[in-house]
Amino acid sequence: MEVEESCPVCQSDRYLNPDLKLLVSPCFHKMCERPGPCPICRTILKRNQFQSQTFEDLLIEKEVLIRRRVGRFFNLTLQNFGNDLQKYNDYLEESETLLYNLIHDLDLKQTNEKIEKFKQEHRETIAQNATRQLTEDRAIQFRIEREKKEKQLRKEAYIEQAIEQAKMKQHEKQELIAKLVLLVILSSKALQYQDVQVDYSELEKHELEIETEILNQQDFDPMDGLYQQEIPYQVLSSYNDPGTLKFKDPEYNGYRAAGYLPKITYERSIQAAFTGLFKIKGH
């Protein structure tokens, strides 16, 4: 911890200099930004080669940077091996072995020679894959930017719609307030004229007397004469009909329920007979 928080070049630490800024060198040692040989591994350092630390663990920082720098050369795909899965897996295993050696400082000279040989043998394929990858990255970036713009447009449309709805609600509220104010004004005016009243009792009394007099002068007809017609016959109180002799028997009570009268039977029979005759005569 003391080595990480102190500079091996100027021997300053955060206790004496709280504003001390330690950067990561190309040899992955933390020190202040000063050119010259590294005091730990004697690697020649340049000012533009220093960079800020991203990860707390320097080993992870080293692995990320090496994979970013060297991994761009190991960009072959399965199609570059004729879809031969065995050859592609052997290539992946070899590339991971070389990266592991660089990360852990194992056989650096031999590892760098193999990487350089691989670059020379697959120069054209690496360039083509890099160009295709760059095109794909641009397409992805373009799609991301387009989605961001569409999202922004939808957000603006939603905000505009919300503003319009708020305006409509405010307008409706103002209209309601105006109607209430108008109602209050009309009500106050109505209260001012409540003392001015017209006495309609005498007129209503006179109209009622006229209606009563008209009703007393004529018979009441609930159907207002709708079914009134001349009867071209006269119903007698008794007929010499064998079918109705039992009505005259005082001991027969079969048709006397509910105020039944024999005259009703006579009237219905004669009405049915004459109705048929008058219809034929009318035609």
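1. N83 is exposed, with a relative accessible area of 52%. This is a value from a predicted model. N83 sits in the loop that joins helix 1 to helix 2. Its backbone is worth a look, since N83 is a residue other than glycine and yet has a positive phi, near 60°.

2. A second loop residue reads in a similar way. D107 belongs to the loop between helix 2 and helix 3. Although D107 is not a glycine, its phi is positive, at about 45°. D107 has a relative accessible area of 52% and is therefore exposed, the cut-off being over 50%.

3. For orientation, the chain as a whole should be set out. It has seven helices and four strands. Read from the N terminus, the order of elements is β-β-β-β-α-α-α-α-α-α-α. The chain has 283 residues, of which 14% count as buried. Taking contacts between residues at least 6 apart in sequence, 42% join residues at least 24 apart.

4. The rest of this note deals with helix 2 and its neighbours. Helix 2 covers residues 85-103. It has 19 residues, and the distance from its first C-alpha to its last is 27 Å, close to the 27 Å expected at 1.5 Å a residue.

5. Which residues of helix 2 are buried? They are Y88, Y91, S95, L98, L99, N101, L102 and I103. The cover over these buried residues includes helix 1 and helix 3, the latter spanning residues 108-121. The two packings are taken in turn below.

6. Helix 1 runs over residues 58-70, and its axis comes within 10 Å of the axis of helix 2, with a crossing angle of roughly 135°. Helix 1 and helix 2 are therefore oblique to each other. The crossing of helix 1 past helix 2 is right-handed. On the helix 1 side, the contact is made by L59, K62, E63, I66, R67 and V70; on the helix 2 side, by E96, L99, L102 and I103. Sorted by class, this contact has six nonpolar and four charged residues, and no polar ones.

7. Helix 3 packs on helix 2 as well. The axes of helix 2 and helix 3 come within 9 Å and cross at roughly 140°. That angle makes helix 2 oblique to helix 3, because only angles over 145 degrees count as roughly antiparallel. Helix 2 passes helix 3 in a left-handed crossing. Y91, L98, N101 and L102 of helix 2 make the contact, together with L108, T111, N112, K114, I115 and F118 of helix 3. By class, the contact of helix 2 with helix 3 has six nonpolar residues, three polar and one charged.

8. L102 deserves a point to itself. This residue of helix 2 is named in the contact with helix 1 and again in the contact with helix 3. Is L102 buried or exposed? Its relative accessibility is 10%, so L102 counts as buried. Setting aside residues up to four places away in sequence, L102 touches K62, I66, V70, L108, T111, N112 and I115. With K62, the separation is 40 residues in sequence and 9.4 Å in space, C-alpha to C-alpha.

9. N101 is also in helix 2. At a relative accessible area of 13%, N101 is buried, since the cut-off is under 20%. Apart from neighbours within four places in sequence, N101 is in contact with L106, L108 and T111. N101 is one of the helix 2 residues in the contact with helix 3.

10. Y100 is likewise placed in helix 2, but its relative accessibility is 45%, so Y100 counts as partly exposed. Y100 and E63 are 37 residues apart in sequence, and their C-alpha atoms are 8.5 Å apart in space. E63 is among the helix 1 residues in the contact with helix 2.

11. In short, helix 2 has helix 1 and helix 3 among the elements that cover its buried residues. The crossing with helix 1 is right-handed, and the crossing with helix 3 is left-handed. L102 is buried and touches K62, I66 and V70 as well as L108, T111, N112 and I115.

How values were computed: Residues are numbered from 1 along each chain as its sequence is written. This is a predicted model: local features need pLDDT of at least 70, side-chain atom pairs count only at pLDDT 80 or more; totals for chains, interfaces and linings use all residues. Side-chain values use heavy atoms; hydrogens and water are left out. Axes are lines fitted to C-alpha atoms, for helices over the stretch in contact, and angles run from 0 to 180 degrees between N-to-C directions. Angles under 35 degrees count as roughly parallel, over 145 as roughly antiparallel, 65 to 115 as roughly perpendicular and the rest as oblique. A crossing is left-handed if the near helix is turned anticlockwise from the far one by less than a right angle, and right-handed if clockwise. Contact means heavy atoms within 4.5 Å. Ala, Val, Leu, Ile, Met, Phe, Trp, Tyr, Cys and Pro count as nonpolar, Asp, Glu, Lys and Arg as charged, and the others, Gly among them, as polar. Buried means under 20% relative accessible area, exposed over 50%, partly exposed in between (1.4 Å probe, protein chains only). The expected span of a helix is 1.5 Å times one less than its number of residues.
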